[in-house]
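Got the viewer open? Here is a short tour, one selection at a time.

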Amino acid sequence: MFSSLAVRNYRIYFSGALAANIGSWMGRTAVSWLVLVELTDNSASALGWVTAILFLPGLVLAPLTGSLADRLPKLRILMTTQMLYSLNWGLLSLLVLTGRIELWMVYAMTVVDGLVTAFDNPARQAFVSEIVDITDLPNAVGLNSTSFNTARLIGPGLAGVLIALTGTGWVLLLNSTTFVAMLIALASMRTGELHPAPVSRGRGKVREGLRYMRRRPDLLIVLACGVAVGGLGFNFTITNAVMATSLYGKGPGEYGILGSAMGLGALGAALWSAGRGTPRLRYVLGGMAGYVVFNFAAAISPSYELFAILQVPVGLAAITTLVTANTMLQAGTAEQMRGRVMALWSVATLGMTPLISPVVGWLGDNAGPRWTVLFGVIAVAVSLVTIYFYVTRHDKIRLRLDRRRRGWLRLDRS
């Protein structure tokens, strides 16, 4: 389960990423509370627009950022993005602490955050394959998700407590310092022990990446699953905030607990993925089914306590889908194409957010908080049925990592 931690560079990277991820979840929780409670009167629409603005650059710039991740040293890209993250969050915290913050400023700072994230995501996703050998890649991807979801377990709850004790500004400032830890970790890595992918040169690399994907129906199926859960169903920044405040009338501590409960289930999914070995499509589809069942139960939950408990299996199901699909894509993609493919993965899982978040926020304001959850349930259910019948009707395709051919998934037909 922890075999990749035997690699020195990966241990350092994992430690820095864990600190930065905890800070990021604290920062996201603080911004949600700032917008929903301190700057507006529980406006789900305003929170939806903040979420949309955050991910819009990733949607627009994905072809460019994916191509750059294949053309430039990924370590250099990541060191630059960590510095920019720290500066941006530090400025936002100062505006809050000095009492000068306004909603339009949050929008502006979120645009900057989204631009940095657009360049950071494909490089970060593809960089893992340069730290460990291909045989350890499924384990490393699973441990990366473990780091992310350990942070999801710790960050929101800690942020809720600190918001109640110190205010949102100090939480945002603490988040700014965690990116310094990631920067130190990256600078401490031994570059001679990395396994850099061949650098892609010349023009037309974006089009080449799209042509590569069109020739790979195995990858397109996995990508469609990512769109369903990550793009259409992963609206928890809005749903948890709206359900906690508007429906159940809870404060920042209880809101933070929801994120931590989901993080507990997500952490279990990540550890299971790290120790499971070869990724399978059935785990992806099973995770989608679990998301539909448990999130529907959460949507109709009569009490905050039951809603909070259900976040554990919801997190388990959602992250099982996303981690397994992510592993299949990275392990099944040729080295020189990995940055562009992972940029498309970012679009699939995050790029839909600018289109979906305003809709979810509007539903919260006009149809009621429960519909912010039901939107994801319906979207993932329809996607699951569609993908399942497509796969079974096309000769019962099964996707498995082909260890004899580096950079491919095998389509088994029965």
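Start by selecting D113. In this predicted model, D113 has a relative accessible area of 4%, so it counts as buried, the cut-off being under 20%. Show its side chain together with that of R28: the two meet in a salt bridge, 2.9 Å from N to O. Now colour the helices. D113 sits in helix α4 (residues 103-131) and R28 in helix α1 (residues 8-38), so this pair ties together parts that are 85 residues apart in sequence. What about cover on the other partner: is R28 buried or partly exposed? R28 is partly exposed, at 27% relative accessibility.

Next, pick K74 and E130. Their side chains also form a salt bridge, again listed at 2.9 Å, N to O. K74 belongs to helix α3 and E130 to helix α4, so to speak a link between distant parts of the chain, 56 residues apart. Check the accessibility here: K74 is buried, with a relative accessible area of 7%, and E130 is buried too, at 7%.

Move on to R190 and E193. Here the salt bridge between the side chains spans 3.1 Å, N to O. R190 is partly exposed at 43% relative accessibility, and E193 is partly exposed as well, with 36%.

How many salt bridges does a search of the whole structure find? It finds four, and the pairs you have just clicked through are among them. As a reminder of the chemistry, side chains of opposite charge can pair when their charged atoms come close.

Time to leave the charges and switch on the surface. Select L94, L97 and W170, which make a nonpolar patch of about 300 Å². L94 is a handy place to zoom in: this leucine is in helix α3, which covers residues 74-97. With a relative accessible area of 48%, L94 is partly exposed. That value matters for the patch, because a residue needs over 30% to be included.

For the last stop, hide the surface and go to T239, in helix α9 (residues 236-247). T239 is buried, with a relative accessible area of 4%. Which residues does T239 touch, once its neighbours within four places in sequence are left aside? Add T372 and V373 to your selection: T239 is in contact with both.

Notes
Residues numbered from 1 in each chain as written. Predicted model: local features only at pLDDT ≥ 70, side-chain atom pairs only at ≥ 80, totals over all residues. Heavy atoms only, no water. Patch = residues over 30% accessible without salt bridge, like charges linked within 9 Å, V, L, I, M, F, W, Y side chains within 5 Å. Areas by Shrake-Rupley, 256 points an atom, 1.4 Å probe, with all protein chains shown as cover. Helix = DSSP H or I, 4+ residues; strand = E, 2+ residues; numbered from the N terminus. Buried < 20%, exposed > 50% of the residue type's maximum accessible area, 1.4 Å probe, protein only. Contact = heavy atoms within 4.5 Å.
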